[in-house]
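Okay, thanks everyone for coming. I'd like to walk you through a structure that may be new to most of you, so take a look at the screen.

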Amino acid sequence: MTSRLAFALPGTWLAIDPRDEEASFDRVDAAVRDIVGAADDAATARRRLRDQLRTVVEAARTSGAQGVFLCLEVAPGVRLPATLTVHAPSAMSMTPAVGTASAAVLDTLHRSLQTLEVAGIDTAVRVPAPDGGALRIHRRIAETAEVTPAEAPPVRTPVQRLEADYWFAVPDSKRVVLASFATPLGHLHDAMLNLFDSIAAAARFESAAPSLAP
């Protein structure tokens, strides 16, 4: 049996296994039809949303992610553009001298990320999470996004993308799991980090075959 990290996600999230390209794109297309509708006059909106979500799934697949979750609603009627991508790199483990205590594993990981000068490492903090907490680093990235005003052509507008990485130590092992959140709502930095922290705190490790089931 394999320890997997399960999440209790608030609201409605679309869980996708990005490793199967055809099946993952089919799930995205079906979700877009449910969200936007199948009317002919919604074709442009469907295409834009489909392309945005497919891009997220494709990036997850390219990075070797085991799962990706797309937020559809954080509460009934409340849309939230956010994603959660999960990596469980089997080749990444701490040195034999570290032992399997979560604190020791995360301390060693922290030092390694500092040595590698990973973007955002200066923000590193330990946050509450199961089995010894998680190491969180975050970064804000200035970029542009396409916004479509009502009954008007799309326009490019500057946004701040917030990325937050949560590193969890797998219990009784030297391995880690990475859960990466992303949202274009970087201007709501504190609120979004509070949301992501609460999701990390509610996560749990389960002994089960690999699965995307929340």
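Before we start, one term: when I say "exposed", I mean a relative accessible area over 50%, and "buried" means under 20%. And please keep in mind that this is a predicted model.

Let me use that term right away. Asp172 has a relative accessibility of 71%, so it counts as exposed. You'll find Asp172 in the loop between β7 and β8. What is phi like at Asp172? Phi there is near 55°, which is positive even though this residue isn't a glycine. As background, most residues other than glycine have a negative phi.

There's another residue like that to look at, Glu117. Its phi is positive too, at about 55°, and again we're not looking at a glycine. Glu117 sits in the loop between α3 and β5, just after α3 ends. Is Glu117 buried or exposed? With a relative accessible area of 66%, Glu117 is exposed.

Okay, let's step back to the whole thing. We've got 214 residues, and 42% of them count as buried. In terms of elements, there are 4 helices and 9 strands. If you go along the sequence, the order reads β-β-α-α-β-β-α-β-β-β-β-α-β. On the outside, the protein exposes about 11,000 Å², and 54% of that comes from carbon and sulfur atoms. Now, if you take the contacts with a separation of 6 or more, 59% are between residues 24 or more positions apart.

Here's one place where you can see distant parts of the chain come together. Ala6 is in strand β1, residues 2–6. Its C-alpha is 8.9 Å from that of Ala202, and those two are 196 residues apart in sequence. Ala6 is in contact with Ala203, Arg204 and Glu206, leaving aside neighbours within four places in sequence. At 1% relative accessibility, Ala6 counts as buried.

So, on to the inside. In soluble globular proteins, nonpolar side chains tend to be buried together. In our model, the largest nonpolar core has 30 residues. Which residues have the most contacts inside that core? They're Phe7, Trp13, Leu84, Tyr166, Phe168 and Phe196. Several elements feed in: β3, β4, β7, β8 and α4 each supply at least two residues. The biggest giver is α4, with 6 residues. There's also a second, separate core of 13 residues, and Leu14, Leu53, Val57 and Val68 are among them.

Let's zoom in on Tyr166 from that larger core. Not counting residues up to four places away in sequence, Tyr166 touches a whole list of partners, including Val127, Leu135, Val177 and Phe181. From the stretch covered by α4, the partners of Tyr166 include Leu193, Phe196, Asp197 and Ala200.

That brings us to α4 itself. It has 14 residues and spans 20 Å from first C-alpha to last, close to the 20 Å you'd expect at 1.5 Å a residue. The buried residues in α4 include His189, Met192, Leu195 and Ile199, and Leu193, Phe196, Asp197 and Ala200 are buried as well.

Compare that with α3 for a moment. It also has 14 residues, and it reaches 20 Å end to end, again close to the 20 Å expected. In α3, the buried ones are Ser102, Val105, Leu106, Thr108, Leu109 and Leu113. Looking down the axis of α3, those buried residues fall within an arc of 160°, so they line one face of the helix.

Next up is β4. How many residues of β4 are buried? It's 5 of the 5, so β4 is largely enclosed by the rest of the structure. Thr83, Thr85 and His87 are on one side, with Leu84 and Val86 on the other, and both faces are covered. β4 runs antiparallel to β3, joined by 4 bridges, and antiparallel to β8, joined by 5 bridges. Follow Val86 and you can see both pairings: Val86 is the bridge partner of Gly67, and it stands opposite Ala179 in β8.

One last stop, and this one is a charged residue. Asp29 is in helix α1, residues 21–36. At 16% relative accessibility, Asp29 counts as buried. And who's in contact with Asp29, leaving aside neighbours within four places in sequence? That would be Arg50 and Arg54.

Terms used: Residues are numbered from 1 along each chain as its sequence is written. This is a predicted model: local features need pLDDT of at least 70, side-chain atom pairs count only at pLDDT 80 or more; totals for chains, interfaces and linings use all residues. Side-chain values use heavy atoms; hydrogens and water are left out. A nonpolar core is a set of buried Ala, Val, Leu, Ile, Met, Phe, Trp, Tyr and Cys residues joined through side-chain atoms within 4.5 Å. Buried means under 20% relative accessible area, exposed over 50%, partly exposed in between (1.4 Å probe, protein chains only). Contact means heavy atoms within 4.5 Å. Accessible areas come from the Shrake-Rupley method with a 1.4 Å probe; for residues, only the protein chains shown count as cover. The expected span of a helix is 1.5 Å times one less than its number of residues. Two strands pair if DSSP finds at least two bridges between them. The arc is that of the directions from the helix axis to the C-beta atoms.
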